[in-house]
Amino acid sequence: MNIEKRAKGYFFAIISAIFYGLNPLGAVFLNREGVDVPTILFYRNLLAVILLGGVMLLQGRSFRINLKQAALLLLLGVLFIVSSITLYYSYMYIDAGVASTLLFSYPIIVAVIMALFFGERAGVGTIISIALSLAGVGLLYRGADGALISTLGVALVMASSLSYALYIVVVNKFPQRPASITITFYVLIVCALASLLFSY
């Protein structure tokens, strides 16, 4: 991988992390106003589907997928909605800042899965990063007032982190996957429909 391509990868990963970290801003506010989690996720995903669909039309992209790709996208949609729902429910039990910090342990899970099941070697930098991340997570076992944080809240956000890690692994290991924007479009459709089902 050349330096320019790697730099672009780091840049887009950082932008993605920033926007994903903004999840609590709307979710916590809406939840306090009495909007339940499935409803929040339904409208969030529906809006994203409309915007992405518009972008795909403007770019002249094909919406066509084959049966194997449809099965992949269904699996990815399930993983993503599980990740989203467990994360949003975790905000009810622990501070959104703590939940979001714990969520970002997913790169550790990805690295472990890749090493255990796909024989991917972890470099010294990766091992040091994992150790530092685990140490940071360990410091979060108490809240701001010194009380132990909710076990249920931690379990929910770690389930979210695991689901998202599995999502990343599946995306990267599927050989004939569609374009990234196509994947996201159909995954969000699955998520919107699943959110609608959860709301009943």
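Colleague: What is the volume of the second largest pocket?

Modeller: The second largest pocket has about 460 Å³ of volume. Note that the model is predicted.

Colleague: What makes a residue one of those that line this pocket?

Modeller: A lining residue has an atom within 4 Å of a point of the pocket. For the second largest pocket 18 residues line the space, and Pro107, Val110, Ala111, Glu120 and Thr126 are those nearest its centre. Helix 6 (106–118), helix 7 (124–138) and helix 8 each give two or more residues to this lining. The largest share comes from helix 6, with 6 residues.

Colleague: How do you know which class the residues of that lining belong to?

Modeller: Class goes by residue type: Ala, Val and Pro are among those counted as nonpolar, while Glu counts as charged. On that basis the lining of the second largest pocket divides into 10 nonpolar, 5 polar and 3 charged residues.

Colleague: What volume does the largest pocket have, and which residues lie nearest its centre?

Modeller: The largest pocket holds about 2,000 Å³ of space. Its lining has 38 residues, with Phe12, Ala13, Ser16, Ala17 and Tyr164 nearest the centre. Two or more lining residues come from each of helix 1 (3–21), helix 2 (23–32), helix 3 (37–58), helix 4 (67–90), helix 8 (151–173) and helix 9 (180–198). Helix 1 gives the most, with 12 residues. By class, this lining has 25 nonpolar, 8 polar and 5 charged residues.

Colleague: Why is one space called a cavity and another a pocket?

Modeller: A 1.4 Å probe fits in a cavity but cannot get out, whereas a pocket is an open set of points. The whole structure has 1 cavity of 30 Å³ or more. The volume of the largest cavity is about 40 Å³.

Colleague: Which residues line the largest cavity?

Modeller: The lining is made of Ala27, Val28, Asn31, Val37, Ile40, Tyr88, Tyr91 and Met92. At least two of the lining residues come from helix 2, and at least two from helix 3. Helix 2 gives the most, with 3 residues.

Colleague: What makes the lining of the largest cavity 7 nonpolar and 1 polar?

Modeller: Ala, Val, Ile, Tyr and Met all count as nonpolar, and Asn falls among the others, which count as polar. The lining of the largest cavity therefore divides into 7 nonpolar, 1 polar and no charged residues.

Colleague: Why are helix 2 and helix 3 called oblique to each other?

Modeller: Their axes are 10 Å apart and the packing angle is about 135°. Angles over 145 degrees count as roughly antiparallel and those from 65 to 115 as roughly perpendicular. The angle fits neither range, so helix 2 and helix 3 are oblique. Helix 2 passes helix 3 in a right-handed crossing. The residues in contact are Asn23, Ala27, Leu30 and Asn31 of helix 2 with Val37, Ile40 and Arg44 of helix 3. They divide into 4 nonpolar, 2 polar and 1 charged.

Colleague: Why are helix 4 and helix 8 called roughly antiparallel?

Modeller: The axes of helix 4 and helix 8 cross at roughly 155° and come within 8 Å. The cut-off for roughly antiparallel is an angle over 145 degrees, so this pair of helices, helix 4 and helix 8, is roughly antiparallel. The crossing of helix 4 past helix 8 is left-handed. Among the residues that make the contact are Leu72, Leu79 and Phe80 of helix 4, and Leu156, Tyr164 and Val171 of helix 8. This contact has 16 nonpolar, 6 polar and no charged residues.

Colleague: How do you know that helix 3 and helix 9 are roughly antiparallel to each other?

Modeller: The axes of helix 3 and helix 9 cross at roughly 150° and come within 8 Å. Set against the cut-off of over 145 degrees, helix 3 and helix 9 are therefore roughly antiparallel. Helix 3 passes helix 9 in a left-handed crossing. The contact includes Pro38, Phe42 and Leu52 of helix 3, as well as Ile181, Phe185 and Leu196 of helix 9. By class, the contact of helix 3 with helix 9 has 17 nonpolar, 5 polar and no charged residues.

Notes. Residues numbered from 1 in each chain as written. Predicted model: local features only at pLDDT ≥ 70, side-chain atom pairs only at ≥ 80, totals over all residues. Heavy atoms only, no water. 1 Å grid on protein atoms, 1.4 Å probe; cavity = no way out; pocket = protein on both sides within 12 Å on 5 of 7 lines; lining within 4 Å. Points joined across faces, edges and corners; volume = space filled by probe spheres on them. Helix = DSSP H or I, 4+ residues; strand = E, 2+ residues; numbered from the N terminus. Axes fitted to C-alpha atoms, helices over the stretch in contact; angles between N-to-C directions. Parallel < 35°, antiparallel > 145°, perpendicular 65-115°, else oblique. Left-handed = near helix turned anticlockwise from the far one by under 90°. Contact = heavy atoms within 4.5 Å.
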